[in-house]
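Subject: Structure for you to look at

Hi,

Here is the structure I promised to send over. Please open it in your viewer first, and then read my notes below alongside it.

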Amino acid sequence: MYQPRTPNYRKSDPVMRWHLPDRVFFACGACHILAHAFIERFDATGDLTPMWLHPKNDLPGNHIIVSGGDWVFDYHGYSNHKRFMDHCFRRARQRWPGWDADIIPLPRDVLISEPKSREFDGLWLREPQQFLHDALPRARRFLDRFSSPQRRPSQSASE
């Protein structure tokens with residue numbers, strides 16, 4: 001639900017999109033790549049689930065996060081699951097009154113496969129190589145800023 005503040009920003013401009021700061025890039029259309037990289041790096045036990053916030057009534061605000069049960073991960077880092085959802089819904093409703101969304105668990109392979117993503121009504125994800133440059137190495141580098149879920153502080157600032 002992040003709204004870029006870059007002057008004259010157009011999601012359709014691959015150069016402009018690629019040159020966004022990392023957090024904004026992963027907030028505005030590459031959240032699924034970050035989710036894939038996170039699961040690839042940190043999910044040794046198969047307990048993590050990619051979750052799609054799928055807005056109802058064709059409203060904007062699609063977002064993909066990783067759920068670890070009581071916590072979630074996205075471009076912000078780690079957040080308490082309930083507080084994150086409350087915040088997302090509250091902010092979306094400020095921008096789009098009546099906003100609501102389904103929260104849909106996704107198979108992991110959907111995150112980096114355009115054809116598999118299109119099997120879900122309303123979902124159409126770019127593959128990592130469909131950005132100006134391959135977005136997967138960028139996501140992997142971005143993750144270097146975060147500890148593993150097992151080593152994260154029990155209460156982060158966003159919790």
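One thing to keep in mind throughout is that this is a predicted model.

**The sheet**

I would begin with strands E1 and E2. E1 covers residues 49-55 and E2 covers residues 63-67, and the two pair in the antiparallel sense over 5 bridges. If you want to find the register by eye, Leu53 stands opposite His63 in E2, and Pro50 faces Val66 of E2.

On to the partners of these two strands. E1 is also joined to E5 by 5 bridges, and that pair runs antiparallel. Pro55 has Ala101 as its bridge partner in E5. E2, for its part, pairs with E3 in the antiparallel sense over 2 bridges, with Val66 standing opposite Phe73 in E3. E3 and E4 are antiparallel as well, with 4 bridges between them; here Asp74 has Gly77 of E4 as its bridge partner.

Put together, this gives an open sheet of 5 strands in the order E4-E3-E2-E1-E5, with antiparallel pairing. Its edge strands are E4 (77-80) and E5 (101-105), each of which pairs on one side only. On average, neighbouring strands of the sheet are turned by 35 degrees against each other, direction ignored.

Helix H3, residues 31-42, packs on this sheet and touches E1, E2, E3 (71-74) and E4. The direction of H3 makes about 15 degrees with that of E2.

**Inside and outside**

How many of the 7 residues of E1 are buried? The count is 6, so E1 is largely enclosed by the rest of the structure.

E3 is a good place to look at side-chain directions. In a regular strand, side chains alternate between the two faces of the sheet. In E3, Trp71 and Phe73 point one way while Val72 and Asp74 point the other way, and all of them are buried.

**The loops between strands**

The loop between E1 and E2 deserves a close look at the backbone. Most residues other than glycine have a negative phi. Asn57, which lies in the loop between E1 and E2, has a positive phi near 60 degrees without being a glycine. Asp58 lies in that loop between E1 and E2 too, and its phi is also positive, at about 60 degrees, although it is not a glycine. Are these residues buried or exposed? Asn57 has a relative accessible area of 67% and Asp58 one of 79%; both are over the 50% cut-off, so both count as exposed.

The hairpin of E2 and E3 has 3 residues between the strands, and Gly69 takes a positive phi near 100 degrees there. E3 and E4 form a hairpin with 2 residues between them.

**The nonpolar cores**

The largest nonpolar core has 36 residues, and those touching the most other members are Phe25, Phe26, Leu34, Phe38, Ile64 and Phe73. Two or more residues come from each of helix H2 (22-27), H3, E2, E3 and helix H6 (135-143). Which element gives the most to this core? That is H3, with 8 residues.

Leu34 makes a handy starting point for exploring the contacts. Leaving out residues up to four places away in sequence, Leu34 touches Phe26, Phe73, Asp74, Tyr75, Ala139, Phe142 and Leu143. Apart from the largest core lies another one, of 12 residues, including Met51, Leu53, Val72 and Phe84.

**Cysteines**

Since you may wonder about disulfides: a search of the whole structure finds 0 of them. Cys31 is in no disulfide, and the nearest cysteine sulfur, that of Cys28, is 9.2 Å away. Why does Cys31 count as buried? Its relative accessibility is 10%, and buried means under 20%, so Cys31 falls in that class. Cys88 counts as buried for a like reason, because its relative accessibility is 9%.

Do write back if you would like to go through any of this together.

Best wishes

Key:
Residues numbered from 1 in each chain as written. Predicted model: local features only at pLDDT ≥ 70, side-chain atom pairs only at ≥ 80, totals over all residues. Heavy atoms only, no water. Pairing = 2+ DSSP bridges. Axes fitted to C-alpha atoms, helices over the stretch in contact; angles between N-to-C directions. Contact = heavy atoms within 4.5 Å. Disulfide = S-S within 2.5 Å. Buried < 20%, exposed > 50% of the residue type's maximum accessible area, 1.4 Å probe, protein only. Core = buried A, V, L, I, M, F, W, Y, C linked by side-chain atoms within 4.5 Å.
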